Amino acid sequence: MAQFEDQIKTLFANNSRQAGDWQYTVPSPQSYPYQWLWDSCFHVIIYSYFDLGRAKAELRSLLAKRFDNGMVPHMIYWKRGPVIDIDWGRGRDVSTITQPPMIAYAAWQIFQKDNDLDFLESVYRPIFHYYKYLINERDPHEKYILGMINPDESGEDNSPRFDGVLGLPPVHRFDENLAKRIGLVNENIKCKFDAPFCMKNFFWVKDVPFNAIMVENLQRLVYIAEKLERGYDAEYFSRKRDAMIKAMRALMFEDGFYWSTFGENYQKIKVKTWAIFAPLFAKLLSRDEAEILVKNHLTNPKEFWCPYPISTVSVNEPSFNPKDMWRGPVWLAVNWFVYQGLKNYGYNEEAAALKEKSLALIAKNGFREYFNPLTGEGLGARDFTWGGLLLDMN
Ligand code: GLC
C-alpha cells in the first residue's frame, strides 16, 4: 500500500493545475483536462490523506463558479481547450448542468482530519446555497425526490438506466447516445436554464444514486451546520433528509430494489445497474433487505460479481457491454460507493474482497478510467484519478 500511495501522489502531482490563484485537478490530462464536480469531491477525499491544504484548495475552486441560483456546474473550463468543446449556452467557462451532490461529504471529510472550523465557515455559504438550489429547483413540488435534467448529471453518461427515457434501444451506438444528451443541453438553453419550469418536458429522471448521495450528504450537512452552531439550518436539512428517505421508500422501492423513476406517476426504470446498491451507501435498507441484495445480487457471478467486480450493469441485462463506458465496465468510484455501503452493514469480508480486486486492476493495468469486468483490461482515459479512492477504502 505504501508504494501505491506514492503512485497516487505522483499521479495527483501530474494532474494538478493552477489558474491564477485557483488550484484544481484534472481527472485525466489528455481526455478530461478541466475541473469536474464529483471528480473534485473524490479528489478532496484522496488529498485528505496526504495534503489537506491541497484538499481545501480543490474544494474552493470547485465552488468558485457557482451560479446566482446556487447551482455548482459539473464542469469548469479554467482554460478552454479542444476536448469536449460543447456549447453549454453560458459563455466558455462553465457547463450548465450539475453532478451528484458530493460536496458536503467532501467538506466534512476535510473537517474530520483537522477540525478547522474557519475553513468550514469559509465554504459554508456556497455549500448551503448549493443544497438549497437542489431542494428548491429540483424538487419544485415538494415530493422530496430530486430530478435530473440530463443523464450526465448522474455522472454515468451513457448508462442504460436512461435508454428508455431517451428513446433508445438497449443496444445502440455511442454517438446516438451522445446526440440525445447534447439535444438535452440545447433544450436547457432554450428553457433559459429554468429547470423546474421547463425541463420536465424533455428529461426529468429521479435517479437512485443521485438521491441516495443527496441523503448521505444532507447528513454531512447537518453535522457541518451543528459544528457551526447554525441550529435552524441543521434542523432544516435534517427534516429534508428524513422526508427524502420516506419518499424514496414510497416511490422507488419495489420487491427489494430501489428503482430510478421518471414521469409524473413515477414510472420505475427496471434496468439492473449498480444503482440498486447505492441505497447501501445511504443506509436506506433494513439488514434483511441488504442481506438479500448483497448475497443474491452483488456477489452473484451471473449478475455483478464478475472476475473483476463490480460490473456497472448486470451481466444478464440485454444492454450489458463489458467495454462500453457505463454499460458494464468497472469504475473505481462505484467500487468506492459500494465498499462504503458494504461497511455500513458490516459486510467486511465482501468489502475487503472488493478492495483487493480493485487494487489488482490498478496493479495490472494502471490508473485507467474504466476496466473490462470480464478480463480486467484497462479502457478509456489514461492517468485517471479515481483509482486514488482506494486510499479511502479502509
Ligand atoms: C466522464 C464520466 C463522469 C466524469 C467525467 C470526468 O464523463 O462519465 O462521471 O465526471 O468523465 O472524469
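Is the link of Cys-191 and Cys-198 left-handed or right-handed? Let's work up to that one. Keep in mind that what you're looking at is a predicted model.

Start with how the link is found. A disulfide here is a pair of cysteine sulfur atoms within 2.5 Å. Cys-191 and Cys-198 fit the bill, with 2.2 Å from S to S. By this rule the structure has 1 disulfide. Now for the twist: the angle about the S-S bond is -75°, and that makes the link of Cys-191 and Cys-198 left-handed.

Next, find the ligand. Where does the ligand sit? Look in the largest pocket, and there you'll spot it. Domain 1 runs over 35-271 and domain 2 over 281-394; both of them give residues to the shell around the ligand, so the ligand lies between the two.

Who's in that shell? There are 13 residues around the ligand, and the closest are Asp-39, Gln-99, Gly-155, Asp-157 and Trp-326. Sort the shell by type and you get 8 nonpolar residues, 2 polar ones and 3 charged ones.

Now zoom in on some side chains that reach oxygen atoms of the ligand. Asp-157, one of the closest residues, has a side-chain N or O atom 2.7 Å from a ligand oxygen. Trp-326 is also on that closest list, and a polar atom of its side chain lies 2.8 Å from an oxygen of the ligand. Then there's Trp-38, with a polar side-chain atom 3.0 Å from a ligand oxygen. How much of the ligand does the protein bury? On its own the ligand would expose 310 Å², and the protein buries 96% of that.

Key. Residues numbered from 1 in each chain as written. Predicted model: local features only at pLDDT ≥ 70, side-chain atom pairs only at ≥ 80, totals over all residues. Heavy atoms only, no water. Near = heavy atom within 4 Å. Polar contact = N/O pair within 3.5 Å; in protein donor to acceptor, adjacent residues only side chain to side chain. Areas by Shrake-Rupley, 256 points an atom, 1.4 Å probe, with all protein chains shown as cover. 1 Å grid on protein atoms, 1.4 Å probe; cavity = no way out; pocket = protein on both sides within 12 Å on 5 of 7 lines; lining within 4 Å. Sits in = over half its atoms within 2 Å of the grid points. Nonpolar A, V, L, I, M, F, W, Y, C, P; charged D, E, K, R; others polar. Domains from an automatic or database assignment.
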